[in-house]
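Subject: Structure handover

Hello,

Here is the structure I said I would pass on. My notes on it follow below.

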Amino acid sequence: MPEVVVIGGGPAGMAAALAARRRGARVVLIEAGDDVGGQYWRHLPESRATADEHTLHHGWEKFQTMRYALRGDPGVELILNGHVWSVDRRDGQPPLVHVMIGAPDGQRRVARTFLPSALVIATGAHERTLPFPGWDLPGVFTAGAAQALAKGERVAVGRNVLVAGAGPFLLPVVSSLVRVGAGVAGVVEAAGWARISRGWGAKPWRLARASAKATELTGYLADLARYRIPYTAGSAVVAAHGTGRVEAVTVARLDDDWSPVPGTEKTIAVDAVCVSHGFVPRTELAISAGCAVIGAGCAVIGAGSVDGAGHADGAGHADGAGYADGAGSAMAGTVRVDDHQRTTVPGVFTAGELTGIGGVDLALAEGEIAGAVAAGGSPPPSAVRLRKVFRDFAGRMHAAHGIRPGWQGWVDDTTVVCRCEDVTAGELRDTARMTGSRGLRSLKLTTRAGLGICQGRTCGRSAEDILAAAVGPDGLLDAGRTANRPLAVPLRLGELATTGEDAG
């Protein structure tokens, strides 16, 4: 019986595990948290569950059904608090998977190693927040962290909160905040109405295929109306102010390129601000496994091109054995997959945000396809249809809300970019100018940007963007290097010394 190892217990990983079981494979599902569900279905522990849990989640019944099926299936080994710290490449075969099982800060974690017949990587994404002066003040949260505290602990991050950034994710964050008693001062969206209209309005009849999203949107808009929360487009938080913690923010209008418009600044008193500008795929394990990544230092795809290995990019999704660019959005830093969710490494599949940020419906469809094929089956036709629908939806989302380069106009030289190592934007720009280097590795080593405890997960993309602008039109030689982390999670030397091999 083949063994399929699935890394990540969010919607994509859960769907992959269940699909693989339906094809008769033995499944090992490895999840770093205390329960499956990922960020999307983050919830109170069962010991503290409340009757209103469903009010904070879309698709809660679906999640419960999937979780029940995974827990009750003897062919599924569900590993919680399982931290995959490394994968070792094997020529022509799926890689070895090294796991530490136990609390991240625990003293007696158990080491295991798996040799899977097939590997599905569904590790999700990190939230991206663009830096601005004062973003390191206490009381400045990522929107995802605020939502996690609301959904997972019923904690409100403040009494007068501003939600800012870009993208549809801001709206469910508002709904989560008001349901735990937070007052929301407003929503500030960076994309202007013209860009939003162009992104979502092209061939609008296609949106009918994703009608469930309209129902979600209606609920979010109802919350804005019920709580009288203003929504402002084409603006951004360009600074946060306070002594000891955030007390106010400066909001400015942006042009279509996201450059601040002089003279439009206004100050808003808040006790917390939640900011999100999208997501960055968590590709470290896929990169360690040798999977090709689009536009991040390897396997760069151009419009209509075919690279040396014969992998065609296509415009939205290639057919046959071609490796496609997914949703047609900004795919830089995502893992290349074919129509069967196969990566360029034999026996390795990815699903969900690793192939492009597209939301839960796309993650579920891709997960089902990846799990079915990993177990030796064919892509389910229904999942293939849904993938097409929600890749189109993802493309619209990026066209409407994708980050524009003018954001660097609100980052002055004193703004801290790498908070772990206290590296400012001015230090990044000065180092690039004085050294004349275009190598990201040398620039990172010189400035120490991205070398702290988070290993560039928070600042990596922004530091690269600032350095790329500073080195000039030729750009960085090794863009995307901040996603290359041979050790995916912190590991004690003592744990490394005692790791052994366990075939599962």
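Ala-25 is buried, with a relative accessible area of 0%. This is a predicted model, and what follows should be read with that in mind. Ala-25 is found in the loop between helix H1 (11-22) and strand S2 (26-30). Ala-25 and Ala-118 are 93 residues apart in sequence, while their C-alpha atoms are 9.9 Å apart in space.

Next, the run of strands S4, S5 and S6. Strand S5 covers residues 93-101, and 8 of its 9 residues are buried. On one side, S5 is joined to S4 by 7 bridges, and the two strands run antiparallel. In this pairing Asp-88 stands opposite Leu-96 in S5. The hairpin of S4 and S5 has 2 residues between the strands, and Gly-92 takes a positive phi there, near 75 degrees. S5 also pairs with strand S6 (residues 110-114), in the antiparallel sense and over 5 bridges. Here the bridge partner of Val-97 is Phe-114 in S6.

There is also an open sheet of 5 strands with parallel pairing, in the order S9-S16-S10-S11-S12. Strand S9 (140-142) and strand S12 (231-233) are the edge strands, as each pairs on one side only. On average, neighbouring strands of this sheet are turned by 20 degrees against each other, direction ignored. Within the sheet, S10 (residues 160-165) and S11 (residues 183-189) run parallel and are joined by 6 bridges. Leu-162 stands opposite Gly-186 in S11.

Now the helices further along the chain. Which residues of helix H10 are buried? In H10 (residues 425-435) they are Ala-425, Gly-426, Leu-428, Arg-429, Thr-431 and Ala-432. These buried residues pack against strand S19 (416-418), strand S20 (423-424), helix H11 (440-447) and helix H12 (460-471). After H10 comes Gly-436, with a positive phi near 70 degrees.

The contact of H10 with H11 can be described in some detail. Their axes come within 10 Å and cross at roughly 125 degrees. That angle falls outside the 65 to 115 degrees counted as roughly perpendicular and is not over 145, so H10 is oblique to H11. The crossing of H10 and H11 is right-handed. From H10, Glu-427, Leu-428, Thr-431, Ala-432 and Thr-435 take part, and they meet Leu-443, Thr-446 and Thr-447 in H11. By type, the residues of this contact divide into 3 nonpolar, 4 polar and 1 charged.

Last, two backbone angles to look at. Most residues other than glycine have a negative phi. Asn-81 is not a glycine, yet has a positive phi of about 55 degrees. Asn-81 lies in the loop between strand S3 (76-79) and strand S4 (82-90). With a relative accessible area of 22%, Asn-81 is partly exposed. Arg-448 is not a glycine either, and has a positive phi of about 70 degrees. Where does Arg-448 lie? Arg-448 is in the loop between H11 and H12. Arg-448 counts as partly exposed, because its relative accessibility is 40% and the partly exposed range runs between 20% and 50%.

Regards

Key: Residues are numbered from 1 along each chain as its sequence is written. This is a predicted model: local features need pLDDT of at least 70, side-chain atom pairs count only at pLDDT 80 or more; totals for chains, interfaces and linings use all residues. Side-chain values use heavy atoms; hydrogens and water are left out. Buried means under 20% relative accessible area, exposed over 50%, partly exposed in between (1.4 Å probe, protein chains only). Helices (H or I, at least four residues) and strands (E, at least two) are DSSP runs, numbered from the N terminus. Contact means heavy atoms within 4.5 Å. Two strands pair if DSSP finds at least two bridges between them. Axes are lines fitted to C-alpha atoms, for helices over the stretch in contact, and angles run from 0 to 180 degrees between N-to-C directions. Angles under 35 degrees count as roughly parallel, over 145 as roughly antiparallel, 65 to 115 as roughly perpendicular and the rest as oblique. A crossing is left-handed if the near helix is turned anticlockwise from the far one by less than a right angle, and right-handed if clockwise. Ala, Val, Leu, Ile, Met, Phe, Trp, Tyr, Cys and Pro count as nonpolar, Asp, Glu, Lys and Arg as charged, and the others, Gly among them, as polar.
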